[in-house]
Amino acid sequence: MGGLGGVALLAGLLGGLARAAWSAPALPDPCPTLQAQRAVTLARAGGATPMAPPLAPDVPPPSPADYRHLLKPTPLGWPRLNHWCVWIEPGASEGPAALWDGRWRQAVDGALASWQQNLPITVVADTARAQVQLLRRRPPVQNKRASHGRATLTLVEVRRGEPGQPAGPWQIEPQVTVQLSPGQGLQAMQATALHELGHAFGLWGHSDQPGDALAAIPGSQPVLELSSRDRATLRWLQAQPGLAAPGVATPATVTPAAVNPAAVPPAAGPAPAAPGAN
Ligand SMILES: [Zn+2]
């Protein structure tokens, strides 16, 4: 009897949980859609005097466990995010190209899985939801140097939100394009992807040790997993303040009708000091 009562109680509890789950508000989408974008300008429209360019954060002192001192911040701070949204260029699903595209995707997925163990990353199907775009192409020769991978960072001001909802506030965002050549062996491609994705996720610099994914000079063996130094460097970066607009929180050029102050979330934790704001 007691057992049956327990079952009934449990069923009642589960029913309650199921109802609670159904009625709970949906979690915010970690990768909201891009609604507006504009170039970052250090001198604001409407300001009589161009604003002094902000100062980049100081280069951190060396630590023996990582290579933080070899990273470079942007003029607007460290190009890091708490959550990254990544779009991967789709490949052919049939025909002769499918085999090669599948190998490229396998290498990318392997590299991405290593980063996902250390950083919240969502793969999205729409470029408008991504900060990182991974392209299946060989980077063009630059400075007379050919390479199999290249990451390019652009800082932009964006508003994100769901269609039909009030757009979020303007915020500075790192946007990264990664070009990854399909013309390598599987392991070499995965090592290149691991390295370039490290740049994409904010590690703009190179390690001085060959066993690290972000090594300036690769060793004889392809690095397929993050080293403890890679992970420690990432942990340090993630503890730094991210990008911040120079001085002005709300630019004068925002359309007032589109701004809903209630929709602006409070800054999480201590607000990062705007670079140059001393
Ligand atoms: Zn590199």
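**View 1. The open sheet and its edges.** In this predicted model, 6 strands (a strand being a DSSP run of E of at least two residues, numbered from the N terminus) form an open sheet with mixed pairing, in the order β1-β5-β6-β4-β2-β3. Its edge strands, each of which pairs on one side only, are β1 (33-39) and β3 (121-124), where pairing requires that DSSP finds at least two bridges between two strands. On average, and with direction ignored, neighbouring strands of the sheet are turned by 35 degrees against each other. Residues are numbered from 1 along each chain as its sequence is written. Because the model is predicted, local features need pLDDT of at least 70 and side-chain atom pairs count only at pLDDT 80 or more, while totals for chains, interfaces and linings use all residues.

**View 2. Strands β2 and β3 with helix α2.** Strand β2 (residues 84-88) runs parallel to β3 and is joined to it by 4 bridges; within β3, V124 is the bridge partner of W87. Helix α2 (residues 96-116), a helix being a DSSP run of H or I of at least four residues, lies across β2, β3, β4 (132-135) and β6 (171-180) and runs at about 150 degrees to β3. Such angles, from 0 to 180 degrees, are taken between the N-to-C directions of axes, which are lines fitted to C-alpha atoms, for helices over the stretch in contact. Together, β2, α2 and β3 make a right-handed β-α-β unit, meaning that, with the strands pointing away from the viewer, the path from the first strand over the helix to the second runs clockwise.

**View 3. The buried side of helix α4.** In helix α4 (residues 228-238), the buried residues (20 or more other C-beta atoms, placed from the backbone, within 10 Å of their own) are R229, D230, T233, L234 and L237. They cover an arc of only 135 degrees around the axis, so they are on the same side of α4; the arc is that of the directions from the helix axis to the C-beta atoms. What covers these residues includes α3 (186-200).

**View 4. A213 in the loop between α3 and α4.** A213, placed in this loop, is buried because 28 other C-beta atoms lie within 10 Å. Leaving aside neighbours within four places in sequence, its contacts (C-beta atoms, placed from the backbone, within 7 Å) include L194, H195, G198 and D230. The C-alpha atoms of A213 and D230 are separated by 6.7 Å, although these residues are 17 residues apart along the chain.

Technical notes: Two residues are in contact if their C-beta atoms, placed from the backbone, lie within 7 Å. A residue is buried if 20 or more other C-beta atoms lie within 10 Å of its own, exposed if 12 or fewer, and partly exposed in between; C-beta atoms are placed from the backbone.
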